[in-house]
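Work through the exercises below with the model open. Try each task before you read its solution.

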Amino acid sequence: MNKSIRLFHFLEDALLYLITAGLIGLAILQIWLRNVHDSGIYWGDSALRVFVFWLAMVGAMVASRESGHISIDAFTHYLRPAQRRMLGVLTSLFSAFICLLAAWYCLAFVLDEREYGDIAFAQVPVWICEAIIPVALATMGLRFLIQIFVPLPETKS
Amino acid sequence: MELLLGIILILLLAISGTPIFVVILSLAMLGFYVADVPLMVIAVELYRISDTPLLLALPLFTLAGYLLAESNSSTRLVNVTQALIGWLPGGLSMIAFITCAMFTAFTGASGVTIVAVGALLYPALQQVGYSERYSLGLVTTSGSLGLLLAPSLPLILYGIMAQQMGVGEPFTIQQLFVAGVIPALLMVVLLSVWSLWHNRGRQIAMQKFEAGNVRSALWEARWEIPLPLFVIGGIYGGFFAVSETAAVIALYVLIVEVFIYKEVSLRQLPGVVRRAVAMVGGIILILGVSLAFTNVLVDAEVPTKAFELIQSVVKDKWTFLILLNIFLLILGAILDIFSAIVIMVPILLPVAVAYGIDPVHLGIIFLANMQIGYFTPPVGMNLFIASYRFNKPITELYKAALPFMAVLIVALLLITYIPWLSLGLIR
């Protein structure tokens, strides 16, 4: 595999583990503070929500590395491999188009949000929290684009 | 006209295997485009899912479920149940129903129950004297039993979706969990009764009750015994918030499986976390785009029009319910449970409420149908998983699953037409 792709996978994975650890850690810390010390980090719950959102987006990016996204395979089960491949090209093309188009508009939105400079929690501005949306959509779009030319290995479902 | 053409094209791409999130996202974008809404709104809509307080529970429960599935907890669960109730007539069948239900509640009906629990029970059932076909049917159909029990992901997802809609009588997620208990028990009881009757002429070896066995099985599973207690106390008892329970369970399972039982090594852990997060990330993304899609539908007054259309044909609640069951059974076989929930709930819930159906009752009916859809021939997902796992032709699985399906449809009809079964404990 290409070196830069490997590096990108490594970064994605690292981000995923980091957010998972942060999520569990912060959630447990909040419970501890709330129940034992009757206190809590006041932006803790907002941060947790953003963590879950980021985790979901990074998870969705990672899912598109393999054919990890849920799709209807009830009918494609009955096709021959060559026919499946043909449909695969078509669906990848469509998915790439939709994801990249959405990424473009979401990027415009995030840039707008940066102008406003609202704060989500603690010192973190909203636009940073939202920035994962265009990144995730663009990454998935590019992966679908690549899958037009390099099909994924058939996975058992 | 172009709109209709676009929708048909997208639906064709959907059944050709386009990821569901892309399908819903494209429908939403098409809707916004037609309504002259700037497409930047997609980002707003997606980000809106972070406002859902229950969302935190999804990745945490999923992670716990993946870790449990990865370890030998299924063996310990079977051993404990076997030691406790193996001496009853038809004991092993009942063990199978109960362990599958409990395992599915924690891991979701992703097929992992068939692979982890079913694979243990399938040879055991035949060993004590059950027929091959019966055993095969049992493990295939029990792979989705337990969807109605906390902390099953589809139940939480229905709760999130229905609460977002805010139609009908409001309910808490705890109430939804409690509502599923009697229907789930009803299914287990009916299946057990049928299994006793079906195997009445057979010589089934029975196990003696031995206190020693119970002790050793309980001792083996001592670290996992608290899990159902967390769920009962935390979720059903309402002592903790659902997401707090999820955080505690996730951390607890992580420590127990990785550091105490050591069945998931530190080297394997990243892979398990990655698969769990990729799966739940995909589901949350589908949830996000479907919230956008819901807005498009509501703006276009689709639920209202759907209701008017249905009401012009279907006059009473009972006819509506039977048609709903037929529709959902077919849908459950074709569409995975998560997509079915996020796509259909926004349309069905307002219609059902207009017919006087309680949102909680609808949720239980919905999931009970989906549960059966998992093994509805010819395309139910669990049929394929069982065919692959047990190396049997798919047609044999159709035959094996049918009697169990009939029993569960009886349960479904009771659940549908006796709202008390779902609502008795909460309303």
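**Exercise 1.** Among contacts in chain A between residues at least 6 apart in sequence, what percentage join residues at least 24 apart?

*Solution.* Note that this is a predicted model. Start with the contacts in chain A between residues at least 6 apart in sequence. Keep those that join residues at least 24 apart. The share is 73%. Now repeat the steps for chain B. There, 79% of the contacts between residues at least 6 apart join residues at least 24 apart.

**Exercise 2.** List the secondary structure of chain A, then give its order along the sequence.

*Solution.* First count the elements. Chain A has five helices and two strands. Then read along the sequence. The pattern is α-α-α-β-β-α-α.

**Exercise 3.** Set the radius of gyration of chain A against that of a compact globule of 157 residues.

*Solution.* Step one: take the value for the globule, which is near 15 Å. Step two: take the value for chain A, which is 19 Å. Step three: look at the box. Along the principal axes, the C-alpha atoms of chain A fill roughly 60 × 35 × 35 Å.

**Exercise 4.** Do the same for chain B, beginning with its secondary structure.

*Solution.* Chain B has 22 helices and zero strands. Its radius of gyration is 22 Å, and the globule rule gives 22 Å for 427 residues, so chain B is as compact as a globular protein of that length. Its C-alpha trace spans about 70 × 50 × 45 Å along the principal axes.

**Exercise 5.** Describe burial, surface and charge for each chain.

*Solution.* Take burial to begin with. In chain A, 41% of the 157 residues are buried. In chain B, the share is 60% of 427 residues.

Next comes the surface. Chain A has an accessible surface of about 8700 Å², with 67% on carbon and sulfur atoms. Chain B has about 16400 Å², with 68% on those atoms.

Charge is the last step. Chain A carries 11 positive and 12 negative side chains, and the centres of the two sets are 14 Å apart. Chain B has 19 positive and 20 negative charges, and their mean positions lie 14 Å apart.

**Exercise 6.** How many residues does each chain bring to the contact between chain A and chain B?

*Solution.* Chain A gives 56 residues and chain B gives 57. Then look at area. The two chains bury about 4900 Å² between them, and 82% of this is on carbon and sulfur atoms. Three residues stand out on the chain A side. I70(A), I72(A) and F94(A) supply 14% of the area that chain A buries against chain B, more than any other three residues.

**Exercise 7.** Is T113(B) buried or exposed?

*Solution.* Place the residue first. T113(B) sits in helix α7, residues 112-127 of chain B. Apply the cut-off: buried means under 20% relative accessible area. T113(B) has 1% relative accessibility, so it counts as buried. Finally, check its contacts beyond four places in sequence. Among them are C100(B), F103(B), S142(B) and G143(B).

**Exercise 8.** Where is G129(B) found, and which residues does it touch?

*Solution.* G129(B) is in the loop between α7 and α8 of chain B. Its relative accessible area is 18%, so G129(B) is buried. Leave out residues up to four places away in sequence. G129(B) then touches R202(B), Q203(B) and I204(B). Now compare a distance. S265(B) is 136 residues along the chain from G129(B), and their C-alpha atoms are 37 Å apart.

Notes:
Residues are numbered from 1 along each chain as its sequence is written. Chains are lettered from A and ligands numbered from 1 in the order in which they are written. This is a predicted model: local features need pLDDT of at least 70, side-chain atom pairs count only at pLDDT 80 or more; totals for chains, interfaces and linings use all residues. Side-chain values use heavy atoms; hydrogens and water are left out. Helices (H or I, at least four residues) and strands (E, at least two) are DSSP runs, numbered from the N terminus. The radius of gyration is taken over C-alpha atoms; the globule rule is 2.2 Å times the number of residues to the power 0.38. Buried means under 20% relative accessible area, exposed over 50%, partly exposed in between (1.4 Å probe, protein chains only). Contact means heavy atoms within 4.5 Å. Accessible areas come from the Shrake-Rupley method with a 1.4 Å probe; for residues, only the protein chains shown count as cover. Lys and Arg count as positive and Asp and Glu as negative; His and the chain ends are not counted. The place of a charge is taken as NZ of Lys, CZ of Arg, CG of Asp or CD of Glu. Buried area is the accessible area (1.4 Å probe) that two parts lose on being put together, summed over both.
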